[in-house]
Amino acid sequence: MTQLNCTQCHRTLTCNVDDISACWCNELPAILPLDITATSCLCRKCTLNKINTFLEGVYTQPIKTQIDFAKQFRGNENLIEGLDYTMQSGYMIFSKWFFLKRGSCCKNGCKNCPYGFKK
């Protein structure tokens, strides 16, 4: 394990570069396109911010394109706070990303539903 500083916020983080499969960042879905200029680690918070910023661009695409993009991530049942949901007043509020991965609307008028269903 290696102690590093996040290149964005400079917070100390532990990187398991010697065994990347055991590193905390391996728990996150590989949503971000590989960038050959990326040569350093980000902390969990900055990594999630970068993923969510990338997804904001995905959300501007037609809904079919969004669903097709999210389809490849459906197998992961591990919910990630800050990506799949946020906590508000003790309740899980699912994100647009969560609903896109699910691939269909439940017709309950959920907050953040990308399918446009309103009660």
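## Cysteines and charged pairs

Biologist: Is Lys 64 buried or exposed?

Modeller: Quick background: this is a predicted model, where local features need pLDDT of at least 70, side-chain atom pairs count only at pLDDT 80 or more, and totals for chains, interfaces and linings use all residues. Residues are numbered from 1 along each chain as its sequence is written, and side-chain values use heavy atoms, leaving out hydrogens and water. Buried means under 20% relative accessible area, exposed over 50%, and partly exposed in between (1.4 Å probe, protein chains only). Lys 64 has a relative accessible area of 57%, so Lys 64 is exposed.

Biologist: Which residue forms a salt bridge with Lys 64, the closest N and O atoms being 3.0 Å apart?

Modeller: A salt bridge puts a side-chain nitrogen of Lys or Arg within 4 Å of a carboxyl oxygen of Asp or Glu. Helices (H or I, at least four residues) and strands (E, at least two) are DSSP runs, numbered from the N terminus. In helix H2 (residues 63-71), about one helical turn separates Lys 64 from its partner, because they sit four residues apart. That partner is Asp 68.

Biologist: What is the relative accessibility of Asp 84?

Modeller: The side chain of Asp 84 meets that of Lys 101 in a salt bridge (2.9 Å, N to O). Asp 84 counts as buried, because its relative accessibility is 1%.

Biologist: How many disulfides are there?

Modeller: A disulfide needs two cysteine sulfur atoms within 2.5 Å. The sulfur of Cys 113 has its closest cysteine sulfur in Cys 105, 3.9 Å away, so that pair is too far apart for a bond. The count of disulfides is zero.
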